[in-house]
Amino acid sequence: MNILKYETVSLDENEKALLILDQTKLPAQVNILHLTEIHDIHNAIYTLQVRGAPAIGIAAAFGLYLEALKIDAQDSPSFLAKLRQAKDYLNSARPTAVNLSWALNRMYNSVNVSMSIPEIREILRLEALAIKSEDTETCRRIGEYGLTLIHDGDGILTHCNAGQLATSKYGTALAPIHLGRERGMNFHVYCDETRPLLQGARLSAFELMADGVDTTLICDNMAAQVMKEGRVRAVFVGCDRAASNGDCCNKIGTSGLAVIAKHYGIPFYVFCPVSTVDMNIKTGSEIVIEQRKPEEITEMWYSKRMAPDNVNVYNPAFDVTDHELITGIVTEYGIALPPFTESLKTITNANQAHCLR
């Protein structure tokens, strides 16, 4: 089965439903959810049925449009007031990934009180579709820049899933791999299993093998050994929020990989769209780290609970990699290099100039 043939997130305009590939069931089962209620869409984002910063932004955009079809209001001001409530509710699903708030704010800011309610609904529909379409092109461009960093046959280590399953197509950190495969290139990718939710084992390994990539799954604590043996040419990871100084927040375990890569002299690259760069925060210390339920560690993947009852559990979903450990940040507008305070400003300015065209 080629999982790459399935869309991660899409809009069924006939049924007025959000379609998502339920990633909690992979790789054992391919299940497409048809969601029409805002509470179900919020839950799908929170429970990681749809995940990955770009993908949850797209899902939220479609969700806000679908909710707009149901809002009962007599005039545009009252309609927009209810739309804002829906926006804020969806935004509460996950606090760390900036693409969620970015997409929802873009949707809300695309309309105003001078428009009629039918006009507002139509603009929201078009804006949500544009967000998804632009993401595909963004990921392709990220992949093009990423391909300049590696050669045919290289070994690459990745963490979590920053591939097609986290976006509309190609992915971010895995985009160079998928683009390379389209051009007949071959790479050897080492996937960290990525505890506790196993996105590397269940998702990255699954989609890479579907694309014919030579894939090796390793436990998280094996990364240092793989690097020491010279198997890894570069580390490619995704990002859920980047600060203006280049600190990058990604799935828990990423910062440890960066420390190890630095020790062995292996370049460490972060891949993300410009929408993931939050120029409003100075450092990664300002990023809110989502805390997940303890059951994800104590019992989720076991037939019986494996941890003692009442044991304390600390389960942060993300960590922040210090900018000094990062070789470059790969975006659709180029590769930002240190000092990131300057290079990220240049790249975000290029994005703003593009949006004004």
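**Surface patch, salt bridges, pocket and backbone features**

A nonpolar surface patch of about 400 Å² is formed by M300, W301, Y302 and M306. The model described here is predicted. Within the patch, W301 is placed in the loop between α10 and β12 (318–321). W301 has a relative accessible area of 36% and is therefore classed as partly exposed, because that class covers values between the 20% limit for buried and the 50% limit for exposed residues.

M300 also takes part in the second largest pocket, where M300, T47, L197, R292 and E296 are the lining residues that lie nearest the centre. The lining comprises 16 residues, and the pocket has a volume of about 260 Å³. Two elements, α7 (199–210) and α10 (295–298), each give two or more residues to this lining. By class, the lining consists of seven charged, five nonpolar and four polar residues.

Salt bridges were examined next. Side chains of opposite charge can pair when their charged atoms come close. The structure contains 18 salt bridges. One of them joins the side chains of K70 and E37, with an N to O distance of 2.8 Å. This pair links distant parts of the chain, 33 residues apart: K70 belongs to the loop between α2 (53–68) and α3 (76–91), while E37 belongs to the loop between β3 (32–35) and α1 (38–46). Both partners are partly exposed, K70 with a relative accessibility of 39% and E37 with a relative accessible area of 37%.

E144 forms salt bridges with two partners, R140 and R183. In the salt bridge between E144 and R140, the N to O distance is 3.4 Å. Both residues lie in helix α5 (residues 117–147), at a spacing of four residues, or about one turn of the helix. The salt bridge from R183 to E144 has its closest N and O atoms 2.4 Å apart. R183 is located in the loop between α6 (175–182) and β5 (188–192), whereas E144 is in helix α5, so this pair ties together parts that are 39 residues apart in sequence. The three residues are partly exposed, with relative accessible areas of 26% for E144, 28% for R140 and 47% for R183. Elsewhere, salt bridges that share partners join R94, E290, R292 and E296 into one network. Of these, R292 and E296 are also among the residues nearest the centre of the second largest pocket.

The backbone shows several further local features. The peptide bond from R195 to P196 is cis, with omega near 0°, and P196 is found in the loop between β5 and α7. A cis peptide bond, likewise with omega near 0°, runs from P338 to P339. P339 is placed in the loop between β14 (334–336) and α11 (340–355).

Positive phi values occur at K16 and Y170, although neither K16 nor Y170 is a glycine. K16, with a phi of about 55°, is in the loop between β1 (9–12) and β2 (17–21). For Y170, phi is about 70°, and the residue lies in the loop between β4 (155–158) and α6. The surroundings of the two residues can be stated in terms of accessibility: K16 is partly exposed at 40% relative accessibility, whereas Y170 is buried, because its relative accessible area of 10% is under the 20% limit.

Note on methods: Residues numbered from 1 in each chain as written. Predicted model: local features only at pLDDT ≥ 70, side-chain atom pairs only at ≥ 80, totals over all residues. Heavy atoms only, no water. Salt bridge = Lys/Arg side-chain N within 4 Å of Asp/Glu carboxyl O. Buried < 20%, exposed > 50% of the residue type's maximum accessible area, 1.4 Å probe, protein only. 1 Å grid on protein atoms, 1.4 Å probe; cavity = no way out; pocket = protein on both sides within 12 Å on 5 of 7 lines; lining within 4 Å. Points joined across faces, edges and corners; volume = space filled by probe spheres on them. Nonpolar A, V, L, I, M, F, W, Y, C, P; charged D, E, K, R; others polar. Patch = residues over 30% accessible without salt bridge, like charges linked within 9 Å, V, L, I, M, F, W, Y side chains within 5 Å. Areas by Shrake-Rupley, 256 points an atom, 1.4 Å probe, with all protein chains shown as cover.
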